Each structure stands twice: as C-alpha cells, then as structure tokens.
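Here are my notes on the ligand site and on one of the pockets, set out as numbered points for comparison with your own reading.

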Amino acid sequence: MNEPYPEVAVIGAGSIGCFVGGHLGTHARVRLIGRERVRAVIAAHGMRLTDLEGGSVERAPQELDFVTDIAAASAARLVLVTVKSDDTPEVARALAPVLRKDAVVLSLQNGLRNVAVLREALPAQTVLAGMVPFNVLHRGHGRLHRASAGTLMAERHPALEPYVERFAACGLPMILRDDMREVQWAKLLLNLNNGVNALSDLPLREELALRAYRRCLALLQDEALRALKAAGIRPARLTPLPARWLPSLLRAPDAVFGLLAQRMLAIDPLARSSTWDDLAAGRRTEIEHINGEVVRLAEQHGMRAPANAKLVALVHAAEQGDRRIWSREELWGALRAAASAR
Ligand SMILES: NC(=O)c1ccc[n+]([C@@H]2O[C@H](COP(=O)([O-])OP(=O)(O)OC[C@H]3O[C@@H](n4cnc5c(N)ncnc54)[C@H](OP(=O)(O)O)[C@@H]3O)[C@@H](O)[C@H]2O)c1
C-alpha cells in the first residue's frame, strides 16, 4: 500500500479533535496534531471515548498517531480544524504553505468567522463549514465523554461526500446541508447559554433547571432573534421547537419546562459549558465569538443587544481574574437592568 499518510489530519486535537479524530481513526488513517501536553497523555493512556448512550471505544497508544508539528498535515486529503476560534488565524497561516492544493478543510468549530479566516489564507483548498452539536467532557487520562446528543453537520460539497460513509461507520453520522450559515446561527443561539452557565458555576442540567437562569438565556436569545430578523437570517431548526419559540419555552415555570424540554435536559449531570472550562483553566473564552456576534449583528442593523453586551463584559471580567459566582437572582437582575437601561 503506497497511499499517502495521513489521509485525515486533525488540527488542534483537544476535546472535539480527539473525540472526532479518535472515532474516525477506526475507519481512516488519522493523524492528530496538537500540543505536547495532550500528546504525552495520549502516549501514556491512549483514549477511551464514551457517550451518553453507554457506547465506549478504546484506542491503545500504539494505534494513535499524535504529533505536534502542523507540517505533518502535508499529505492529508481531509483536514479537520478543531482549535478555539481565536487560534484560527494562526493555524490558517501555518497550514497555508503545508497543505495539498486538493485538500478539503472542514471547520468543526463554533463561531461564525472561522471559515472566512481559513478561506482567506487557503484560497487553493476547499474550505467548508461544519457543526458539532454535542458537548464533549474531558475527564483526564485520555478519557473523553460525549455528554449530549446530536448529529454532525457540514456544508454540502462533492469533495466531502466520500467521507460521509466513513463518519457514519465510526458512529459519527454527518448530515450535509446547504444552509450552514443558518445552522451556525441556530447553534450560536443555544451557545448563548455558555456564558450564563460559566457565571452560574453550576453543571448545565442544574443551571437549566432554574428559571431565573433560563430567563437570562431567553433575554439573550430575544435580542439575537430580533437582530437576526433585521438581518433577514432565519436560524435553522436544530431543536424540536423552532428557534423563535425557544425563549417562551425557557421562561416557562420549572415544572412545565422539565416536562416539555426533556431533550434539552438530556445532558450528562456533570457537563458544563466550554466557557466554564476555559475560565476554570485560566484561558481566554470564545465569548466574543458567541454573544459578541449578537452585539455586532444588532449594531450593524441600527439596534442594540445590551444584555448580550453585559454578559460579554461579565465574562471578560472573569477572564481577567474577577471570578465570582453569579446567583440566579443577581445575574437575572444584572442582565434585565442592562436591557432596560436607555
Ligand atoms: N468541547 C465541546 O464540547 C465543544 C462542542 C461543540 C463545539 N465545540 C467547539 O469546537 C472548537 C474546539 O473546542 P474544544 O473544546 O475541543 O477546544 P480545546 O479542548 O481547547 O482543543 C483545542 C486544542 O487545540 C490546541 N491548539 C491551539 N492552537 C494550536 C496550534 N497552533 N497547533 C496545535 N494545537 C493548537 C489547543 O491548545 P492550547 O489550549 O494550548 O491553546 C487545544 O489543545 C471550539 O470552537 C468550540 O467552541 C466544542
């Protein structure tokens, strides 16, 4: 066999990169590219990939190809980008002199701008948008747990079609769609909870069970939905209810919400948002790529999104060391006051 190695490269092998790459590696020649600290853990422990439904995949260290040099992506036909959004420009620059001209680059990141950043740096390659709907919990020693459900989505393109079967075969079915901008906005509407969750300091399930925190999320979504309407963007339907009905569902009393939102609450009891993970690790968060996008879209259309702006400011304060727990009454009070100030 003289096939080029690797066939698939994962750039930024952290929670999502290792989970997706670890699965895909059971059906493709995958090279994980990331940091030395992650490489050392994988070399010592391999990977154990589990999920909410009880699935478990073990990958021994010798089955995994993990390197730290981006240049090792040079033979890859499919390149999965899984760094945080702030790291995309640097990764795009590093990939430009390295990748094959016929490589397909799939961004599996949250945020709305990663594909444009990658396309600008990689004009010869095919750069496509993807979306990961589930949370992955990092449990240490190479153990990664999918803590919620959902199907991968990606931009429809003939170059991606050969991989769809492979993704499905390794337990990660992927739907190809023509409306990825609407899909990304729909995901962003759900991710508006990330900052609320981080400031609550509670696991997602506990936080979402409390109405005052849900009212915060509903307020953030209201602002986003108004800005989207002004921009003529209709978010895709990723949940049983259309996006425009979610704020009303979120505002329902706890018992009613518990009954109606069972799928939304089907989350591992320990799962938290990635914004919480970032603050806990002392890292910069992706808040500018989530609530910050709502603020900018509103401004572009002569509107304001003051509750989202307030949440961005609170998360930035926490990034800079002002870490405190916001009780549900305090956070709801702060966001409501921001939204009603003239
Ligand atoms: N985690 C989830 O549950 C989840 C779910 C859906 C979507 N997403 C999205 O998926 C993306 C990735 O999230 P994640 O949670 O997987 O992030 P993560 O765990 O932080 O993984 C990203 C990894 O990439 C590394 N990295 C950054 N720049 C690099 C470079 N130039 N070369 C090699 N490695 C580099 C990071 O190292 P450093 O930390 O040292 O920079 C980190 O180890 C984000 O956009 C996120 O919003 C995450």
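1. In this predicted model, a backbone N or O atom of Ile 16 is placed 2.8 Å from an oxygen atom of the ligand. A backbone N or O atom of Val 136 likewise lies 2.7 Å from a ligand oxygen atom, while for Lys 84 the approach is made by the side chain, with one of its N or O atoms 3.5 Å from an oxygen atom of the ligand.

2. How much of the ligand's surface does the protein bury? Taken alone, the ligand exposes 890 Å², and the protein buries 89% of that area.

3. The elements that contribute two or more residues to the shell around the ligand are α1, spanning 15-24, and α3, spanning 88-95.

4. There are 23 residues around the ligand, and those that come nearest are Ile 16, Arg 37, Asn 110, Val 136 and Glu 286. By class, the shell is made up of 8 nonpolar, 8 polar and 7 charged residues.

5. Turning to the pockets, the second largest has a volume of about 250 Å³. Its lining includes Leu 225, Leu 228, Lys 229, Ile 233 and Arg 234, and among the other lining residues are Pro 235, Ala 236, Arg 237, Pro 242, Ala 243 and Arg 244.

6. Which classes of residue make up the lining of this second largest pocket? The lining divides into 7 nonpolar and 4 charged residues, with no polar ones, whereas the shell around the ligand has 8 polar residues.

Key: Residues numbered from 1 in each chain as written. Predicted model: local features only at pLDDT ≥ 70, side-chain atom pairs only at ≥ 80, totals over all residues. Heavy atoms only, no water. Near = heavy atom within 4 Å. Polar contact = N/O pair within 3.5 Å; in protein donor to acceptor, adjacent residues only side chain to side chain. Areas by Shrake-Rupley, 256 points an atom, 1.4 Å probe, with all protein chains shown as cover. Helix = DSSP H or I, 4+ residues; strand = E, 2+ residues; numbered from the N terminus. Nonpolar A, V, L, I, M, F, W, Y, C, P; charged D, E, K, R; others polar. 1 Å grid on protein atoms, 1.4 Å probe; cavity = no way out; pocket = protein on both sides within 12 Å on 5 of 7 lines; lining within 4 Å. Points joined across faces, edges and corners; volume = space filled by probe spheres on them.
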